[in-house]
Each structure stands twice: as structure tokens, then as C-alpha cells.
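I open this entry to go through the protein and its DNA partner, and to keep the notes in the order in which I looked things up.

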There are 2 protein chains.
Amino acid sequence: MTAFKVLPVPADAPEPLPEPAVGDLRLEAVLGVLNDPLRLGIVRKFLLEREEFDHSCGWLGLDRPKSSLTHHFKVLREAGVIRQRQYGLERRSHVRIDDLEARFPGLLRLVADWTPPEPA
Amino acid sequence: MTAFKVLPVPADAPEPLPEPAVGDLRLEAVLGVLNDPLRLGIVRKFLLEREEFDHSCGWLGLDRPKSSLTHHFKVLREAGVIRQRQYGLERRSHVRIDDLEARFPGLLRLVADWTPPEPA
DNA sequence: CACGCTGTACGATTGGAGTCGTACAAGGTT
DNA sequence: AACCTTGTACGACTCCAATCGTACAGCGTG
């Protein structure tokens, strides 16, 4: 039913970092977090190009300082859009596809179909 | 096909106020405008309780100063969420259901199903 | 024409979010 | 242990958006 690839979570995976429960997801919070082209691009790339279990912050290859990326990933996690786990050095993330699809069906489709604005 | 009631526009209706064309609607702009509980409530009420052709600003019965409401309606219009026409004294608005459904299918369903946060 | 009504325009204030530098913590590697 | 790598924490700065008061414009009615 879900149009996006959901990868299995290893049994020995670390606990996710603090995040809102599915029932606590708020539409206005999710939308308020997806109004930024940078974050929209992050979520979109996670949806379209996911191959392994999940990806570290640097996998995106964004040309921004690390402290900026930390900020955006934290914002996405606290709104309930992504889940983060600590794997040794790296903090890997993935989109909470099932949760978002359950609460806001169709929303991720819009994000995946989003076209970034002209860089010019 | 559209799940929302679309009322016909009278032939003698005034021209709409300046607004983005359908093709120019931007997801990040629309989401960025719907991240506010007040505006989310406005659009939701327009979707659920629409009976006449369209409604004036005061129809909502919101307990806010007029200058605040003017601001929010303008923001919604400039993002392409609502269309506004000047009818003599009143400026009446309606949600651009067809346009939004064409560009971002399913988005209005999420807004209509939205539950306002606890006022407590 | 004078008044009332709807809504705009403008400006001031406020709070919050994005951006990023620097310093630091924690795990891995050799 | 020394070092590298990944990412956090904190703080400062800037900028934008929300809020709203006041003054005004436009239309309709008596």
C-alpha cells in the first residue's frame, strides 16, 4: 500500500533519539517544518534515493556548515518527520514513512514529487 | 472526483485580486502558509462549511483585529490558497480547490481532517 | 451629503527561526 | 595514547513574520 520503500530495522539497532509518538504528530508542525526548500530537499532525497537502512547526515552532500545541518535534522526529528539513531560515530536518519502515511496520507507523495526552485 | 464542494462563479463576478497562476503554485509556499493554526482553521472552515458562493472576511467570526485578518487573507491569497474578489463593500474569498487539487492532490483532504490544538 | 460599514495601508513592536563560528564530546583507528 | 571523524552545544547575529493600533479609502444607505 505504501508507495515508498520501507527498510527493516535490525534487531540490535540503538534506540531512536527522542521523538513525538505517532499520535502526537501535528499537521501544523509538520507543514511548518517542510516549508524550507533545504529541508524539503532532504526529505525528498531520503524518499527517492534510499538504499541502505538509513543515512548519515553527511550522505546528502549538502554545502552547508555542520552546525546548520545539525539544526535542520533536529528540527525534522522533533516535528516527527525523521527518526534518528546513533550508530557509533554517525547519527543515521530515515523518514518515518509509515507514521506519516498513517496520520497524513498523501503528504509524502507531494514531497517526493516536489521540484526544487530554480537556483538562478 | 473532487471531494470538496466547488460552487459556480457568476458570470458578472469581479476580477480576482492578483494571485499566482496554477502553474506557479509552489509547494514550499503553500506549506509555509498553512503552518499557522489560525490560517489552517480558516482554510478548513472554508472547506467544510461553505454554503454560498464565497464568504467575506468577517464571516469567520474570528476574535482578531481586522488588520490581522487582512494580513492573513493576503498571505493566503499570495500563496495561491484562496481567491479574493471585491464585491462592493466586501472582499469575499474561497479556496482554490481545483487548482490546489490539481497541483497538490490530497493536500486539502489533510487540511479538512485537521484537528485544532487544545485551546487550554 | 453625511454616516456607517468593510477592509486596506502603514508603521512599530515583538518573538522566533535560520545561519554559522567556535569549542567540545564521543567513538574509531593506528 | 594520539589522532581523525562525525556531529553536538552554545551563543551571536540577522532577518522575517505575526500582531495590532491608528488613520484612511471605498461603497452603500438614508
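I began with the surface near DNA strand C, to which α3(A) gives the largest share, 4 residues; I note at once that the model is a predicted one. By class, the residues of this surface divide into 4 nonpolar, 9 polar and 5 charged. Of the 18 residues around the strand, I listed those that come nearest as A:R39, A:H72, B:K66, B:T70 and B:R91.

I then checked which part of the DNA faces the protein, and found that 53% of the strand C atoms within 4 Å of the protein belong to sugar or phosphate, the rest belonging to bases. For the phosphate oxygens of strand C, I wrote down a polar side-chain atom of B:T70 at 2.2 Å, an N or O atom in the side chain of B:R91 at 2.8 Å, and one in the side chain of A:R64 at 3.4 Å. The elements that give two or more residues to this surface are α3 (66-79) of chain A, and α3 (66-79) and β3 (90-95) of chain B.

Next I turned to α2(A), where A:R39 is listed among the buried residues, together with A:L38, A:L40, A:I42, A:V43, A:F46 and A:L47. At the N-terminal end of this helix A:D36 acts as a cap, with a side-chain oxygen 2.7 Å from the backbone nitrogen of A:L38.

Last, I compared the two chains: a rotation of 180° with 0.0 Å of shift along its axis superposes chain A on chain B, with an RMSD of 0.0 Å. That is the relation of a two-fold axis. Since 100% of the interface residues of chain A are also interface residues in chain B, the copies meet through the same surface.

How values were computed:
Residues numbered from 1 in each chain as written. Chains lettered and ligands numbered in written order. Predicted model: local features only at pLDDT ≥ 70, side-chain atom pairs only at ≥ 80, totals over all residues. Heavy atoms only, no water. Buried < 20%, exposed > 50% of the residue type's maximum accessible area, 1.4 Å probe, protein only. Polar contact = N/O pair within 3.5 Å; in protein donor to acceptor, adjacent residues only side chain to side chain. Least-squares fit on C-alpha atoms with pLDDT ≥ 70 in both. Contact = heavy atoms within 4.5 Å. Near = heavy atom within 4 Å. Nonpolar A, V, L, I, M, F, W, Y, C, P; charged D, E, K, R; others polar.
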